[in-house]
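Q: Could you take me through one part of this model up close, and then show how that part sits among its surroundings? I'd like one connected story rather than a list.

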Amino acid sequence: SLSTAYAEAAASIQSDYEQKQALTALVSRGRLTPASLALVLRSAHGIESDYERASLLVEIAGQYNLAGAPRDAYLEAARSIHSEYERQRAQAALVEREGR
């Protein structure tokens, strides 16, 4: 699909900021399939900056109800954040979403 091709292309961007911006643009469309969303979340591992990775995850949690593979991929991406503050920010966004 076009979303899959876009996410794969975005994963090759070297700048953490630009990669996060590209993935956020895709996420903000709000129409990703669970498979495409899981791909975006797996692509988040390529973002080395804890802040940029957490920001992408917070954006995703704000827009999507996560279940199954996308939720697992979200939690895996959040766990891989080294900064305790940024990791907790990403995890709190998911908890807040699930509480709605």
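A: Let's fix one term before we start: a residue is called buried here when its relative accessible area is under 20%. Keep in mind that we're looking at a predicted model.

The part to zoom in on is helix 3, which spans 34-43. By that cut-off, 7 of the 10 residues of helix 3 are buried, so the rest of the structure largely encloses this helix. The buried ones are S36, L37, A38, L39, V40, L41 and S43. What sits over them? The cover includes helix 1, helix 2, helix 4 and helix 5.

Take helix 1 from that cover. Its axis and that of helix 3 come within 10 Å and cross at roughly 0°. With angles under 35 degrees counted as roughly parallel, the two helices are therefore roughly parallel to each other. Helix 1 brings S3, T4, A7, E8 and A11 to the contact, while helix 3 answers with S36, L39, V40 and S43. It's a mixed bag chemically: 4 nonpolar, 4 polar and 1 charged.

V40 is worth following inward. The largest nonpolar core has 28 residues, and V40 is among those with the most contacts inside it, along with L57, I60 and Y74. Helix 3 is one of the elements that give two or more residues to this core, and so are helix 1, helix 2, helix 4, helix 5 and helix 6. Helix 4 supplies the largest share, 5 residues. In soluble globular proteins, nonpolar side chains do tend to be buried together.

L57 takes us back to helix 3 and then onward. Leaving out residues up to four places away in sequence, L57 touches L41, Y74, A77, A78, I81 and A90. L41 is one of the buried residues of helix 3, while Y74 and A78 of helix 5 and A90 of helix 6 all belong to the contact between those two helices.

That pair is the last stop on the way out. The axes of helix 5 and helix 6 come within 8 Å and cross at roughly 155°, which makes the two helices roughly antiparallel. Besides Y74 and A78, helix 5 uses R71, L75 and R79 there, and helix 6 joins in with residues including R87, Q91 and L94. By class, this contact has 6 nonpolar, 1 polar and 4 charged residues.

One more thing from the cover of helix 3: helix 2 holds K20. K20 is buried, at 11% relative accessible area. Beyond its neighbours within four places in sequence, K20 is in contact with I47, E52, S55 and L56.

Conventions: Residues are numbered from 1 along each chain as its sequence is written. This is a predicted model: local features need pLDDT of at least 70, side-chain atom pairs count only at pLDDT 80 or more; totals for chains, interfaces and linings use all residues. Side-chain values use heavy atoms; hydrogens and water are left out. A nonpolar core is a set of buried Ala, Val, Leu, Ile, Met, Phe, Trp, Tyr and Cys residues joined through side-chain atoms within 4.5 Å. Buried means under 20% relative accessible area, exposed over 50%, partly exposed in between (1.4 Å probe, protein chains only). Helices (H or I, at least four residues) and strands (E, at least two) are DSSP runs, numbered from the N terminus. Contact means heavy atoms within 4.5 Å. Axes are lines fitted to C-alpha atoms, for helices over the stretch in contact, and angles run from 0 to 180 degrees between N-to-C directions. Angles under 35 degrees count as roughly parallel, over 145 as roughly antiparallel, 65 to 115 as roughly perpendicular and the rest as oblique. Ala, Val, Leu, Ile, Met, Phe, Trp, Tyr, Cys and Pro count as nonpolar, Asp, Glu, Lys and Arg as charged, and the others, Gly among them, as polar.
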